[in-house]
Amino acid sequence: MIAETVCSAVSAAGLGIAAVTAYRKRFLTATRIAAYSLVPIGLVMTGVVEWLADTAFSPTAWAGFGVLGVAWLLFATTRAVERRRGGTRKERRAAAKEAAGREPVAPTDSAPSLGQATRPAPQPANRPRGQSASEDFSDIEAILKKHGI
């Protein structure tokens, strides 16, 4: 009963704030505030608040949450151990049999199939013979000074 009253008061206050915000011509923000303020009254009307209040004061419900937590913890632990070991026992045996049947790979067999060194590396653009890298930067500096940068 108290929870429903509090939720109704929060919704009414939120709608009041939304009205003031809309009066200030901030309609998008007012709409968002109105949406948030309608959530508590919607939860009351659907019965979620009553269910939560009954659950919060029920020792059986808390014991159920504890059991669910233990189940989740056991599940997470077994998954972590399984990942660390590399799968199930059947998967590990199959992987060991497969690894035993493989032949060693020659170093040339592991080269990429696209032809790694068939094309020469691209050469940078050629500069005039008398011009060095510092002269290139002096040209850039002159352009920047010309534009006041």
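# Exercises on a predicted model

**Exercise 1.** Find the residues that serine 11 contacts, leaving aside its neighbours within four places in sequence.

*Solution.* Serine 11 is in contact with Ser37, Leu38, Pro40 and Ile41 (contact: heavy atoms within 4.5 Å). The model is predicted: local features need pLDDT of at least 70 and side-chain atom pairs pLDDT 80 or more, while totals for chains, interfaces and linings use all residues. Residues are numbered from 1 along each chain as its sequence is written, and side-chain values use heavy atoms, without hydrogens or water.

Next, place the residue. Serine 11 sits in helix H1, residues 2-23 (helices are DSSP runs of H or I, at least four residues, and strands runs of E, at least two, numbered from the N terminus). Its relative accessible area is 4%, so serine 11 is buried (under 20%; exposed is over 50%, partly exposed in between; 1.4 Å probe, protein chains only).

**Exercise 2.** Approach the same contact from isoleucine 41: which residues does isoleucine 41 touch, leaving aside its neighbours within four places in sequence?

*Solution.* Start with the element: isoleucine 41 belongs to helix H2. Its contacts beyond the excluded neighbours are Cys7, Ser8 and Ser11. For a distance, take alanine 12: the C-alpha atoms of alanine 12 and isoleucine 41 are 8.9 Å apart, with the two positions 29 residues apart in sequence. Isoleucine 41 counts as partly exposed because its relative accessibility is 24%.

**Exercise 3.** Describe the fold in outline, from its elements and its contacts.

*Solution.* Count first: there are 6 helices and 0 strands. From the N terminus the order is α-α-α-α-α-α. Of the 149 residues, 9% are buried. Among contacts between residues at least 6 apart in sequence, 35% join residues at least 24 apart. The accessible surface is about 13300 Å² (Shrake-Rupley method, 1.4 Å probe). Carbon and sulfur atoms account for 64% of this surface.

**Exercise 4.** Locate the nonpolar patch and state which helices supply it.

*Solution.* The members are Val39, Leu43, Val48, Trp51, Leu52, Trp62, Phe65 and Leu68, with about 810 Å² of accessible area together. Patch residues have over 30% relative accessible area and no salt bridge (Lys or Arg side-chain nitrogen within 4 Å of an Asp or Glu carboxyl oxygen); nonpolar side chains are joined within 5 Å, like charges within 9 Å. At least two members come from each of helix H2 (27-46), helix H3 (48-56) and helix H4 (59-85). One member, phenylalanine 65, is in helix H4. At 43% relative accessibility, phenylalanine 65 is classed as partly exposed.

**Exercise 5.** Do the same for the patch of positive charge, and examine the loop between H4 and H5.

*Solution.* The surface patch gathers Arg85, Arg89, Arg92, Arg93 and Lys97. Lys and Arg count as positive, placed at NZ and CZ. Helix H5 (residues 89-101) gives the most, with 4 residues. Arginine 89 is in helix H5, and its 58% relative accessibility makes it exposed. Turning to the loop, glycine 86 lies between H4 and H5. Glycine 86 contacts Glu91 and Arg92, leaving aside neighbours within four places in sequence. With a relative accessible area of 49%, glycine 86 is partly exposed.

**Exercise 6.** What is the sign of phi in lysine 25, and where does this residue lie?

*Solution.* Phi of lysine 25 is near 65°, a positive value in a residue other than glycine. Most residues other than glycine have a negative phi. Lysine 25 is part of the loop between H1 and H2. Lysine 25 is exposed, because its relative accessible area is 66%.
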